[in-house]
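Student: Could we go through this one together before I set anything up? I'd like to begin with the strands and move on from there.

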Amino acid sequence: MTVFSQRKRVVFTCDACGSVLIKRTSYLSHQHLRHDAYVCDNPMCGASYTGHTELTGIASPSGLPNARPSDLPESPSYARNIALKAYREAQGERQLDLLDSIPANADH
Ligand SMILES: [Zn+2]
């Protein structure tokens with residue numbers, strides 16, 4: 001079952017009672033690996049859990065001109081995202097061209 005918190009994020013639930021788990025602490029053991037501790041939100045239960053979150057790939061490139069390179073491998077969606085970005089930029093330039101072609105006093 002997928003449970004959403006009040007902020008509409010997908011959250012973990014307690015195996016014992018089904019209540020929402022609240023993230024208590026987290027630390028990075030590596031640039032791309034974060035360890036987390038979770039506590040059950042039900043005060044009568046109080047079970048706690050540990051886990052980790054890992055970045056495993058780069059899904060789309062940075063838009064910064066001097067972006068630092070990433071050690072992460074390209075995700076399967078990487079090539080598609082590059083194509084999509086190029087397409088959107090081309091669309092944006094076309095729209096600017098349309099604005100340029102409208103005379104400044106067109107509303108007279
Ligand atoms: Zn619980």
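Tutor: Before the pairs, a definition: strands are DSSP runs of E with at least two residues, numbered from the N terminus, and two strands pair if DSSP finds at least two bridges between them. Keep in mind as well that this is a predicted model.

Student: OK, so what stands opposite Lys23 in β4?

Tutor: Lys23 stands opposite Tyr38 in β4, and Tyr38 in turn has Tyr49 as its bridge partner in β5.

Student: Nice. And how many bridges join β3 to β4?

Tutor: Eight bridges join these two strands, which run antiparallel, and a hairpin of two residues connects β3 to β4. Another pair you can look up there is Ile22, whose bridge partner in β4 is Val39.

Student: How many bridges join β4 to β5, and which way do they run?

Tutor: There are seven bridges between β4 and β5, and these strands also run antiparallel.

Student: Switching to the metal: which atoms are the protein donors of the zinc ion?

Tutor: The zinc ion is held by the SG atoms of Cys14, Cys17, Cys40 and Cys45, at distances of 2.3 to 2.4 Å. Along the chain these donors follow the spacing C-x2-C-x22-C-x4-C. Cys14 and Cys45 link distant parts of the chain, since Cys14 sits in the loop between β2 (10-11) and β3 (21-30), while Cys45 sits in the loop between β4 (33-40) and β5 (48-54), 31 residues apart.

Student: What's the geometry of the site, then?

Tutor: The site is tetrahedral, with angles of 93 to 115 degrees among the four donor atoms of the zinc ion. For reference, the ideal angle for four tetrahedral donors is 109.5 degrees.

Student: Is Cys14 buried or exposed, and why?

Tutor: Cys14 counts as buried because its relative accessibility is 3%, and the cut-off for buried is under 20%. Cys45, by contrast, counts as partly exposed at 30%, and Cys17 counts as partly exposed at 35%.

Student: With those cysteines around, how many disulfides does the structure hold?

Tutor: The structure holds zero disulfides.

Student: And how many salt bridges?

Tutor: The structure holds two salt bridges. In one of them Arg34 pairs with Asp36, and the closest N and O atoms are 2.9 Å apart. In the other, the side chains of Glu89 and Lys85 meet at 3.9 Å, N to O.

Student: Where do Glu89 and Lys85 lie?

Tutor: Both Glu89 and Lys85 are in helix α1 (residues 78-101), four residues apart, which is about one turn of the helix.

Student: What about accessibility for those four residues, starting with Asp36: buried or exposed?

Tutor: Asp36 is buried, because its relative accessible area is 4%, whereas its partner Arg34 counts as partly exposed at 29% relative accessibility. In the helix pair, Glu89 is partly exposed with a relative accessible area of 46%, and Lys85 counts as partly exposed at 34% relative accessibility.

Key
Residues are numbered from 1 along each chain as its sequence is written. This is a predicted model: local features need pLDDT of at least 70, side-chain atom pairs count only at pLDDT 80 or more; totals for chains, interfaces and linings use all residues. Side-chain values use heavy atoms; hydrogens and water are left out. Donors are N, O and S atoms within 2.8 Å of the metal (3.2 Å for Na, K and Ca); water is not among the atoms, so sites may look incomplete. Four donors count as tetrahedral if all angles lie between 85 and 135 degrees; four count as square planar and six as octahedral if opposite donors are over 155 degrees apart and all others between 65 and 115; anything else is irregular. Buried means under 20% relative accessible area, exposed over 50%, partly exposed in between (1.4 Å probe, protein chains only). A disulfide is a pair of cysteine sulfur atoms within 2.5 Å. A salt bridge is a side-chain nitrogen of Lys or Arg within 4 Å of a carboxyl oxygen of Asp or Glu.
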